[in-house]
Amino acid sequence: MKILLVEDEAALRGALAGSLRQAGYVVEEVARFAEAHEKIALHQYDCVLLDLTLPDGAGLDLLRALKANRSAAGVLIITARDALQDKITGFDLGADDYLIKPFHLSELNARVRAIIRRRQFNGQQQIPFRELLVLPNLAEVHVRGELLSLTKKEYDLLLYFLANPGRILTKEAIAEHLIGDAVDAADSFDFIYTHLKNLRKKLQEKGVENYIRTMYGVGYKLSHE
Ligand code: CA
């Protein structure tokens with residue numbers, strides 16, 4: 001799960017990013033409007049945390065840009081201003097939720113979790129797929145009632161496929177989903193093969209057919225027929 005954090009207060013940004021990373025999210029941080037604008041034009045996010053007052057622009061304009069790009073990202077507005085008009089405008093523009101500073105990190109985490117769940121799987125508490133059952137609240141996968149032990153990356157990978165059934169996911173898209181910004185510094189996408197190989201092996205050991213098909217030279221696809 002990939003989050004874009006737009007916040008110009010360095011100390012707060014650091015605390016939020018740290019808390020979200022600890023919760024297992026891939027977090028990209030930006031302090032400026034221009035940088036955020038470029039990122040949302042180029043990349044996909046599961047959730048965008050948006051400060052409304054930025055030194056070089058208005059957070060609400062980023063929200064407008066996200067919606068103009070038909071982004072699937074959930075949007076959580078974070079701001080010190082308890083201004084009713086901003087709140088109303090934010091919701092009118094399609095923001096999912098609103099947090100007034102200061103707030104507890106645990107509350108932030110709960111709101112982000114709820115937004116991503118609502119966005120990704122229509123808020124389902126349980127995601128069934130063939131003999132698999134995913135419980136997103138617990139980050140658990142069960143096979144015919146038996147818990148499957150996955151690493152965080154294997155779980156993220158499986159969820160990414162389940163969120164995109166039948167769609168070809170390129171290696172680049174998968175790499176970016178799993179490690180975010182760090183993909184620019186990666187020498188190769190070989191780490192994907194490792195996670196994918198382990199995920200397939202664990203599923204196979206539980207008697208699950210290989211639904212994740214390799215599309216040679218293109219990427220991978222979760223077969224849902
Ligand atoms: Ca600010």
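This is a short tour of the structure, going from the whole chain to a single residue.

Begin with the protein chain displayed as a cartoon, bearing in mind that this is a predicted model. Following the chain through the view, you will pass eight helices and 14 strands. The radius of gyration of the protein chain is 18 Å, close to the 17 Å that the globule rule gives for 225 residues, so the chain is as compact as a globular protein of that length. If you turn the C-alpha trace along its principal axes, it spans about 55 × 35 × 30 Å.

Next, switch on the surface of the protein chain, whose accessible area comes to about 11100 Å², with 51% of it belonging to carbon and sulfur atoms. Beneath that view, 47% of the 225 residues count as buried. Among contacts between residues at least 6 apart in sequence, 58% join residues at least 24 apart.

Now colour the charged side chains, of which 29 are positive and 31 are negative, and note that the centres of the two sets lie 5 Å apart.

For the last stop, select residues 10-22, which form helix 1, and within this helix pick out serine 19. Is serine 19 buried or exposed? Its relative accessible area is 9%, and because buried means under 20%, serine 19 counts as buried. Leaving aside residues up to four places away in sequence, serine 19 touches Leu105 and Asn109. Add both of these residues to the selection, and then look between the side chains of serine 19 and asparagine 109, where there is a polar contact at 2.9 Å.

Note on methods. Residues numbered from 1 in each chain as written. Predicted model: local features only at pLDDT ≥ 70, side-chain atom pairs only at ≥ 80, totals over all residues. Heavy atoms only, no water. Helix = DSSP H or I, 4+ residues; strand = E, 2+ residues; numbered from the N terminus. Rg over C-alpha atoms; globule rule 2.2 N^0.38 Å. Buried < 20%, exposed > 50% of the residue type's maximum accessible area, 1.4 Å probe, protein only. Contact = heavy atoms within 4.5 Å. Areas by Shrake-Rupley, 256 points an atom, 1.4 Å probe, with all protein chains shown as cover. Lys, Arg positive; Asp, Glu negative; His and termini not counted. Charge placed at Lys NZ, Arg CZ, Asp CG, Glu CD. Polar contact = N/O pair within 3.5 Å; in protein donor to acceptor, adjacent residues only side chain to side chain.
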